[in-house]
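Visitor: I would like a close look at a single part of this model, a pair of packed helices, with enough of the surroundings to place it. Please keep the account plain.

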Amino acid sequence: MTLSLWDIGIVLAYVIGVLALGFYLSKKSSKNLNSYFLGGNELPWYYLGLSNASGMFDISGTMWSVGILFVYGLKSAWLPWLWPVWNQVFVFVYLAIWMRRSNVMTGAEWITFRFGDGKGAKLSHIIIVIFAVISVLGFIAYFFEGIGKYCTAILPWDFGFDFFGYQISSARSYALLICGLTSLYTVKGGMHSVVATEVMQFVIMTIACVGVGIVAYTMVSAEQIAAVVPKTWDKLWFGWNLDLDWSNTTFPQVNNKIASDGFDLFGILFMLMVLKGVFASIAGPVPSYDMQRILATKTPAEAAKMSFLTICVLYVPRYFMIIGFAVLALVYLGPEMAAMGDNIDFEQVLPMAINKFLPVGLKGLMLAGFLAAFMGTFAAFVNSAPAYIVNDIYKKYINPGAPDKKLVQLSILSSLALVMVGIAFGFNAGSLNSLILWLSSSLYGGYVAANILKWIWWRFSGNGYFWGMLFGLIGSTVKFIFFPEYVDIFVFPIIFFFALIGCIVGTFLEPLPNREQVKSFYQKTKPWGFWGPIKSEVMTENPNFRPNIDFKRDAFNIVIGIIWQMAQVVIPLYFMLRQNTEMVIWSAVLILTSVLLKRYWWDNLEKV
């Protein structure tokens, strides 16, 4: 593909601008660890919300979303429930408030706040650090794989080279270059530069999304789409079976993709996604950039608003672009897709569509936008993980009296080390789909059990947390190494049950230690759940304490919030397919759920 001078100029201007902004703000982050990792808790919640949305607008996930929409049609709107995407609803309804009340810096430090500082608590503290580092390394590898594929398909230059007899492909070269540039401003500027650049990146990405949607809407008609897809492709609802047969279409090879994914039993898949999704959402955010944004807000109420804004600004523009690229590929990329033979690489749908359909200027903006999406997400992860190494290992166990300057320097070094190790993993990564399924189902399956119980059960101890997390990590690792052929989501219940056994056994190995710390946690956080004995003791010692009685209201808001978020996903899909009746119905659903959330959630934040 050839790029015009305008397109190249837009991309270069973006890269120079984001680097300049990152370095300009670096002085604000060099004061101490709180300033470096949390922005000194002085950043406005709406900036953090836009930053969080930018971090979730990653290029690898977008390539995957375009690919599954191409294959599964409107039913693909359910597949992101694998993560689950609606965990943010649980976060903004109540978890962000509970978490922000802790006033800590990292998820591992939160564990000390929950369990105290005994032997079991220290073991649980160490295991969450290990989990955080492993998950960040996995995501860095995932991003590295995605940006390499994207750049090779989009950019016209061959950057492959020989490195002491080892051939570095063009995709790897592009990925190394962009990861290196992103790491520069991230490790230099810390949280201030990450948030500022991500806000700018989100604006660019949103403009590009709208532009792509407009191009697709004017180029593709509903009749053209119907002519190249199976009959049930444009239906959101489903039965026990997927019932999607591509045999008599332009792309019969798509059936191979469905078979390899193992999603034909869609009804069972859906039930497992809901089961896993509810458990994973109650467990709360994993120790990464999402949790970091929550801890960086000024107050618990602002933490909730920040998470709410993340959903508000993310889904409509993103899915407007995703459906735009998918329908352009379906209607116009038949020869190119057929040329791939029986094994179509659906992760190439997005870059191929950019190559063929976007005009001069918009193509450059799209390239800059996706670079922004990648750099924003990559930077968010790179900035979050070193806090666990420096704050939770070095400062806590090795050198508690280390000066702030040294801690910031070590944070920069640990960021660079994590990037290099993550990139090494990326060189050996498989497809984006396999990485996504492992990260969302196997690895997080081992995380869920212990992190549900930490919120809702008074008797759960640091020892139980450690053994639950350890059993979960062992289970997910065994699955990944020895049973890669099994679909990850179907293995989730086994890994969850295995981790739950570790939680129960570890908890009852000893009497509850640190009872006073558990009471302090309960009194400060005010969770609902099974807290009977601790609740009685706290209320006896502090008659003015008012326990949390909002479980029913929170549960109602969660159900409404999931429907509200789903409406934002499907409205742009129905709009592009000209299914106006369905679009109007879901728009009405969006308005109604917004009104209910305003009354039963937003209006109650002042009481937090």
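To begin with the whole, what percentage of the 608 residues of the protein chain count as buried? Then please turn to the packing of helix α5 and helix α13.

Guide: The model is a predicted one. Of the 608 residues in the protein chain, 61% count as buried. The chain holds 25 helices and two strands. Taking the contacts between residues at least 6 apart in sequence, 82% of them join residues at least 24 apart.

Confidence comes next. The average pLDDT of the protein chain is 82, and 85% of the residues score at least 70. The lowest confidence is in helix α2 (residues 33–38), where the mean is 60, and the highest is in helix α25 (residues 580–600), at 97.

Now the pair itself. Two packed helices are described by the angle between their axes together with the distance between those axes. Helix α5 covers residues 87–100 and helix α13 covers residues 300–332; the two pack at an angle of about 160°, and their axes are 7 Å apart. Angles over 145 degrees count as roughly antiparallel, so α5 is roughly antiparallel to α13. The crossing of α5 past α13 is right-handed.

The residues in contact can be listed for each helix. From α5 come Q88, V89, V91, F92, A96, I97 and R100. Their partners in α13 are P300, A303, A304, S307, F308, T310 and I311. By class, the residues of this contact of α5 with α13 comprise 10 nonpolar, three polar and one charged. Arg counts as charged, so the charged residue is R100 of α5.

Two loop residues may also be worth a look for their backbone angles. D243 has a phi near 55°, a positive value in a residue other than glycine. D243 sits in the loop between α9 (222–226) and α10 (254–261). Exposed means over 50% relative accessible area, so D243, at 57%, counts as exposed.

The other is R578, with phi near 60°, again a positive value in a residue other than glycine. R578 belongs to the loop between α24 (551–576) and α25. The relative accessible area of R578 is 26%, so R578 is partly exposed. The helix that follows this loop, α25, is the one with the highest confidence in the chain, at 97.

Key: Residues are numbered from 1 along each chain as its sequence is written. This is a predicted model: local features need pLDDT of at least 70, side-chain atom pairs count only at pLDDT 80 or more; totals for chains, interfaces and linings use all residues. Side-chain values use heavy atoms; hydrogens and water are left out. pLDDT is the predictor's confidence in each residue, from 0 to 100. Helices (H or I, at least four residues) and strands (E, at least two) are DSSP runs, numbered from the N terminus. Axes are lines fitted to C-alpha atoms, for helices over the stretch in contact, and angles run from 0 to 180 degrees between N-to-C directions. Angles under 35 degrees count as roughly parallel, over 145 as roughly antiparallel, 65 to 115 as roughly perpendicular and the rest as oblique. A crossing is left-handed if the near helix is turned anticlockwise from the far one by less than a right angle, and right-handed if clockwise. Contact means heavy atoms within 4.5 Å. Buried means under 20% relative accessible area, exposed over 50%, partly exposed in between (1.4 Å probe, protein chains only).
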